[in-house]
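Visitor: Please take a close look at one part of this structure, starting from a single loop residue and following its surroundings outward. Give the cut-offs for the terms as they come up.

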Amino acid sequence: DDQLCVACWQSLEFLTNTGCERCGYPVTPNEFICAPCLLRPPEHDGVFAAVSYGDIARTIILRFKHGGRIGLAKFIAEAMLRNVTMPDALIVPVPLHRWRIWTRGFNQSALVASRLSALSGNPLLLDGIARSTRTPLLRGLGAQERAKAVRGVFAIDTAKRASFSGRPIYLIDDVYTSGATTNACAKVLKKA
């Protein structure tokens, strides 16, 4: 689970995070924020992706998420580790609804976040965000449909609010697509 053949390793496109300051999308050398983020600024303060979503990354995520290969959490966390540069920042996974955990057997973001916390030494808050409503699978939905599907489904437990006060937070998810989930989580985190 934590090894790739040479051809697969070489085909992974590790991102340098020199793109748009908000979403990571590649920009020209004179730009800092891409046009879509200028038009609709995201709720979060930036995205740090480990690799671009290509064929090998897709295979890894699908085997991890839907194939039950939970050992891949270590591989994914190790790829993300270089982006964890703020000591003592909270590591918080994107939550799954209890029914999705029940059918899948695990929360893939929580597994990666746990491993990332262990590797970085940063504190982990597994239940920092709650997902109150079951949402449809977002795969195949457009950006607006995704945003509508996750609107209002995340919340912070009142007892947990003090944990977030004045602290930087790494919100961990397995795939960043349209930013809808990240925006919805960032909104409740900032409010807390």
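Guide: Pro168 sits in the loop between helix H8 (161-164) and strand E4. Helices (H or I, at least four residues) and strands (E, at least two) are DSSP runs, numbered from the N terminus. The model is predicted, with local features requiring pLDDT of at least 70 and side-chain atom pairs counted only at pLDDT 80 or more, while totals for chains, interfaces and linings use all residues. Residues are numbered from 1 along each chain as its sequence is written, and side-chain values use heavy atoms, with hydrogens and water left out.

Pro168 has a relative accessibility of 33% and therefore counts as partly exposed; buried means under 20% relative accessible area, exposed over 50%, and partly exposed in between, with a 1.4 Å probe and protein chains only. Apart from neighbours within four places in sequence, Pro168 is in contact (heavy atoms within 4.5 Å) with Met86, Ala89 and Leu90. Pro168 and Asp88 are 80 residues apart along the chain, and their C-alpha atoms are separated by 8.0 Å. Asp88 belongs to the loop between helix H4 (72-80) and strand E1 (90-93). The phi angle of Asp88 is near 70°, a positive value in a residue other than glycine.

From these two loops, the path leads to the strands. E1 pairs with E4 (residues 169-172) in the parallel sense, over 4 bridges; two strands pair if DSSP finds at least two bridges between them. Leu90 of E1 has Ile169 as its bridge partner in E4, and Val92 stands opposite Leu171. On E1, Leu90 and Val92 point one way, Ile91 and Pro93 point the other way, and all are buried. The side chains of E4 alternate as well: Tyr170 and Ile172 point to one face and are buried, whereas Ile169 and Leu171 point to the other and are not.

Beyond E1, His97 is found in the loop between this strand and helix H5 (98-104). His97 has a relative accessible area of 6%, so it is buried. With neighbours within four places in sequence left aside, the contacts of His97 are Arg131, Ser132, Thr133 and Arg134.

Back before Asp88, helix H4 leads to a group of aromatic rings. Rings of Phe, Tyr and Trp (its six-membered ring) pair if their centres lie within 6.5 Å; planes under 30 degrees apart count as stacked, over 60 as edge-to-face and the rest as tilted. A search of the whole structure gives 4 aromatic pairs. In one of them, the ring centres of Trp9 and Phe14 are 5.1 Å apart and the planes lie at 50°, so this pair is tilted. Trp9 also pairs with Phe75 in an edge-to-face arrangement, at 6.2 Å centre to centre and 75° between the planes. Because Trp9 lies in helix H1 (residues 6-11) and Phe75 in helix H4, this pair ties together parts that are 66 residues apart in sequence. Ring pairs thus link Trp9, Phe14 and Phe75 into a cluster. Phe75 is buried, with a relative accessible area of 10%, whereas Trp9 is partly exposed at 44% and Phe14 is partly exposed at 32%.

Phe14 is placed in the loop between H1 and helix H2 (35-39). Not counting residues up to four places away in sequence, Phe14 touches Trp9, Ala50, Val51, Ala79 and Arg82.

On the other side of E4 in sequence comes a helix packing. Helix H9 (residues 180-191) and helix H7 (residues 143-150) have axes that come within 8 Å and cross at roughly 35°; axes are lines fitted to C-alpha atoms, for helices over the stretch in contact, and angles run from 0 to 180 degrees between N-to-C directions. Arg146, Ala147 and Val150 of H7 make the contact with Ala180, Thr181 and Ala184 of H9. By class, this contact has 4 nonpolar, 1 polar and 1 charged residues; Ala, Val, Leu, Ile, Met, Phe, Trp, Tyr, Cys and Pro count as nonpolar, Asp, Glu, Lys and Arg as charged, and the others, Gly among them, as polar.
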